[in-house]
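Trainee: I have a model open on my screen and would like to look closely at one part of it with you. Could you take me through that part and then show me how the rest fits around it?

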Amino acid sequence: MCIFCAIAAHEIPSKVVYEDDKFIAFLDLTQTTIGHTLVVPKRHSKCIFDLNEEDAKEIMVVVKKVANKLKASLNPIGLNIINNNEKPLQSVDHFHIHLIPRYENDNFDILFKDNSKEVNLDEILKKING
Ligand SMILES: [Zn+2]
């Protein structure tokens with residue numbers, strides 16, 4: 001059994017922020033920022049590419065509930081929602097969404113590099129849409 005399936009089954013303890021019959025949200029042990037929380041479907045999927053469509057539909061409602069709970073309780077200046085699939089950043093092979101509350105000077109950064117001068121949008125779109 002994978003570690004998140006074990007957490008969902010309460011075979012491994014976790015710091016539960018939210019739970020219902022299909023999803024569980026718990027504090028990420030790393031606490032990248034204060035309140036860093038993972039939202040996880042209880043049904044095992046490895047990543048977005050094999051995620052059950054029902055779970056895909058419903059998980060964002062849970063993400064919103066947890067986001068509101070974190071905002072109300074921890075008073076962050078903002079919140080990042082991050083999901084890693086396969087390489088290079090997925091560390092547990094059970095689909096999960098990171099909620100990372102943001103604070104002034106929290107030492108967490110995501111770099112959106114501007115590559116617009118080096119790419120052709122029409123070529124990319126043709127590859128995607130055929
Ligand atoms: Zn699992």
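Is Glu-86 buried or exposed, and why?

Mentor: Happy to go through it with you, and please keep in mind that this is a predicted model. Glu-86 counts as exposed, because just 11 C-beta neighbours lie inside 10 Å, and the cut-off for exposed is 12 or fewer. Glu-86 sits in the loop between strand 4 and strand 5. Its backbone deserves a look as well: phi is positive, at about 55°, although Glu-86 is not a glycine.

Stay in that loop for a moment. Pro-88 belongs to the loop between strand 4 and strand 5 too, and the peptide bond that leads from Lys-87 into Pro-88 is cis, with omega near 0°. When you click along this stretch, then, you pass a positive phi at Glu-86 and a cis peptide bond at Lys-87 to Pro-88.

Now look at the two strands that this loop joins. Strand 4 covers residues 78–82, and Gly-78 is part of it. Gly-78 is exposed, because its count of C-beta neighbours inside 10 Å is 10. If you want a distance to check on screen, take the C-alpha atoms of Gly-78 and Ala-67: they are 9.9 Å apart, with these positions 11 residues apart along the chain. Strand 4 pairs with strand 5 in the antiparallel sense, over five bridges. One pair to find there is Ile-81 with its bridge partner Leu-99 in strand 5.

Strand 5 also pairs with strand 3, again in the antiparallel sense, and here over three bridges. Leu-38 has His-98 of strand 5 as its bridge partner. Zoom out and you can place these strands in an open sheet of five strands, ordered 1-2-3-5-4 with antiparallel pairing. Strand 1 (16–19) and strand 4 are the edge strands, each pairing on one side only. Neighbouring strands of the sheet are turned by 20° against each other on average, with direction ignored. At the strand 1 end, strand 1 and strand 2 form an antiparallel pair over three bridges, and Glu-19 has Ile-24 in strand 2 as its bridge partner.

Next, the core. The largest nonpolar core has 18 residues, and Ala-25 and Val-39 touch the most other members. At least two residues each come from helix 1 (3–8), strand 2 (23–27), strand 3 (37–41), helix 2 (53–74) and strand 5 (97–102). Helix 2 contributes the most, with five residues. Val-39 is a good residue to centre your view on: leaving aside residues up to four places away in sequence, its contacts include Ala-25, Ile-59, Val-62, Val-63, Val-66 and Leu-99.

Helix 2 has residues outside that buried set too. Asn-68 is in helix 2, and it is exposed because 11 other C-beta atoms lie within 10 Å. The C-alpha atoms of Asn-68 and Ile-100 are separated by 12 Å, although these residues are 32 apart along the chain. As you rotate the helix, a general rule helps: an α-helix has 3.6 residues a turn, so residues three or four places apart point the same way.

Beyond strand 5, follow the chain to Asn-105, in the loop between strand 5 and helix 3. Asn-105 has a positive phi, near 50°, in a residue other than glycine. Asn-105 counts as exposed because it has 5 C-beta neighbours inside 10 Å. Helix 3 (residues 121–129) is hardly covered, with a count of zero buried residues among its nine. Gly-130 follows helix 3, and its phi is positive, near 85°.

Finally, the whole chain. It has three helices and five strands, arranged along the sequence as α-β-β-β-α-β-β-α. Of its 130 residues, 21% count as buried. Among contacts with a separation of 6 or more, 57% join residues 24 or more positions apart. The C-alpha atoms fill a box of roughly 50 × 35 × 25 Å along the principal axes. Back where we began, Glu-86 is an exposed residue in the loop between strand 4 and strand 5.

Methods
Residues are numbered from 1 along each chain as its sequence is written. This is a predicted model: local features need pLDDT of at least 70, side-chain atom pairs count only at pLDDT 80 or more; totals for chains, interfaces and linings use all residues. Helices (H or I, at least four residues) and strands (E, at least two) are DSSP runs, numbered from the N terminus. A residue is buried if 20 or more other C-beta atoms lie within 10 Å of its own, exposed if 12 or fewer, and partly exposed in between; C-beta atoms are placed from the backbone. Two residues are in contact if their C-beta atoms, placed from the backbone, lie within 7 Å. A nonpolar core is a set of buried Ala, Val, Leu, Ile, Met, Phe, Trp, Tyr and Cys residues joined through C-beta atoms within 7 Å. Two strands pair if DSSP finds at least two bridges between them. Axes are lines fitted to C-alpha atoms, for helices over the stretch in contact, and angles run from 0 to 180 degrees between N-to-C directions.
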